[in-house]
Amino acid sequence: DLAFFRKLEAQLKTKCADCRYVKQLQDYIHDAYALKPGTPAPGFHKDAYNLIDTNGVEQNLAAWKGKVVLLDFWASWCSPCRKAIREKLPSMYDKYGAANFEIIGISREKDINAWKKALKQDQVPWTSLYQTPKSEPSITDDYSVRSLPHYALIDKKGQIVSAGDLLINIENQLERMLVVENNTDTIRLRFSTETSNHVFKSKLD
């Protein structure tokens with residue numbers, strides 16, 4: 001459990017605070033507990049990051065609370081990122097966009113002009129945000145982004161569904177989430193309609 005790993009971390013730090021094994025253990029603890037499903041997603045409950053859109057306007061991730069959100073961490077120089085943006089993400093965006101689903105691309109690269117140029121080249125239709133590399137706190141650190149592309153799926157309550165998973169697995173999760181939600185809404189609508197009809201009929205009787 002968490003207490004065990006914290007104790008192990010403290011023991012290792014007394015012997016070798018700068019060892020890479022300590023850093024790896026700290027990363028594991030953060031990934032396993034801070035980003036586990038059901039925990040509050042960083043940035044969705046308070047204004048934690050200095051993020052700007054393509055117009056230079058500051059944005060707060062909490063503004064998207066109430067939607068299912070896919071965070072796409074990428075960079076203009078990352079070929080797999082660009083390929084996913086052109087070939088995979090648009091179909092997800094088109095398929096689920098009407099069901100309160102949003103993609104938010106996040107870049108923390110050095111050259112903001114390269115970021116803007118890539119967005120224009122790839123004709124990205126969803127929200128794209130930028131954080132300068134020197135900004136603190138770092139959103140990429142809080143989401144344990146160690147390679148690109150990196151994805152995090154957030155539910156409507158602003159809670160982690162998955163972080164660091166493959167895109168194909170995320171799409172399967174997304175499909176299940178929205179199907180269950182749609183089915184629930186249908187049942188509620190049917191129940192509401194049947195109740196209204198029953199009340200109306202009782203009044204007539």
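Me: Why is Gln123 called exposed?
Reply: In this predicted model, Gln123 has a relative accessible area of 68%. Exposed means over 50%. The value passes that mark, so Gln123 counts as exposed.

Me: Where is Gln123 found, and what is its phi?
Reply: Gln123 sits in the loop between α5 (112-122) and β5. Its phi is positive, about 50°, although Gln123 is not a glycine. Most residues other than glycine have a negative phi.

Me: Which other residue, not a glycine, has a positive phi?
Reply: Ser144, with phi near 55°. Ser144 belongs to the loop between α6 and β6.

Me: Why is Ser144 called buried?
Reply: Its relative accessibility is 8%. Buried means under 20%. The value falls under that limit, so Ser144 is buried.

Me: What makes Phe73 and Tyr143 an aromatic pair, and why is the pair called tilted?
Reply: Their centres are 5.5 Å apart. Rings pair if their centres lie within 6.5 Å, so the two rings qualify. The planes stand at 45°. Under 30 degrees would be stacked and over 60 edge-to-face, so 45° makes the pair tilted. The structure holds four aromatic pairs.

Me: What does the pair of Phe73 and Tyr143 tie together?
Reply: Phe73 lies in strand β3 (residues 68-73), and Tyr143 lies in the loop between α6 (139-142) and β6 (150-154). The pair therefore ties together parts that are 70 residues apart in sequence.

Me: How do you know whether Phe73 and Tyr143 are buried or exposed?
Reply: Phe73 has a relative accessible area of 1%. Tyr143 has 0%. Buried means under 20%, so both rings belong to buried residues.

Me: What makes Cys78 and Cys81 a disulfide?
Reply: Their sulfur atoms are 2.2 Å apart. The limit is 2.5 Å, so the pair counts as a disulfide. A search of the whole structure finds one disulfide. The link is right-handed, with 75° about the S-S bond. Cys78 and Cys81 are both buried.

Me: Why is the contact of Arg82 with Asp122 called a salt bridge?
Reply: The closest N and O atoms are 2.5 Å apart. A salt bridge needs these atoms within 4 Å, so the pair qualifies. Arg82 is in helix α3 and Asp122 in helix α5, 40 residues apart.

Me: What makes Arg82, Arg86 and Asp122 a network?
Reply: Salt bridges link the three residues. Arg86 also forms a salt bridge with Asp122, with closest N and O atoms 3.3 Å apart. That is within 4 Å, so this bridge counts too.

Me: Why is Asp122 called buried, and what is Arg86 called?
Reply: Asp122 has a relative accessible area of 12%. That is under 20%, so Asp122 is buried. Arg86 has 45%. Exposed starts over 50% and buried ends under 20%, so Arg86 is partly exposed.

Me: How do you know that Glu175 and Lys95 form a salt bridge?
Reply: Their closest N and O atoms are 3.3 Å apart. The limit is 4 Å, so the pair counts. Glu175 is in helix α7 and Lys95 in helix α4, 80 residues apart. Glu175 is partly exposed at 31%, and Lys95 is exposed at 53%. The count of salt bridges comes to three.

Me: How do you know that Asp72 has no salt bridge?
Reply: The nearest side chain of opposite charge is that of Arg82, 9.6 Å away. A salt bridge needs 4 Å or less, so Asp72 has none. Asp72 is buried all the same. Asp72 is in strand β3 and touches residues including Ile85, Leu89, Pro149 and His150.

Me: What makes the peptide bond from Leu148 to Pro149 stand out?
Reply: The bond is cis, with omega near -5°. Pro149 lies in the loop between α6 and β6. Another cis bond joins Glu136 and Pro137, with omega about -5°. Pro137 is in the loop between β5 (127-130) and α6. Most peptide bonds are trans.

Me: Which residues have the most contacts inside the largest nonpolar core?
Reply: Leu70, Leu89, Met92, Phe101 and Leu174, in a core of 27 residues. Helix α7 gives the most to this core, with four residues. A second, separate core has 19 residues, among them Leu35 and Phe73.

Methods: Residues are numbered from 1 along each chain as its sequence is written. Side-chain values use heavy atoms; hydrogens and water are left out. Rings of Phe, Tyr and Trp (its six-membered ring) pair if their centres lie within 6.5 Å; planes under 30 degrees apart count as stacked, over 60 as edge-to-face and the rest as tilted. Helices (H or I, at least four residues) and strands (E, at least two) are DSSP runs, numbered from the N terminus. Buried means under 20% relative accessible area, exposed over 50%, partly exposed in between (1.4 Å probe, protein chains only). Lys and Arg count as positive and Asp and Glu as negative; His and the chain ends are not counted. Contact means heavy atoms within 4.5 Å. A nonpolar core is a set of buried Ala, Val, Leu, Ile, Met, Phe, Trp, Tyr and Cys residues joined through side-chain atoms within 4.5 Å. Lists of a residue's contacts leave out its neighbours within four places in sequence.
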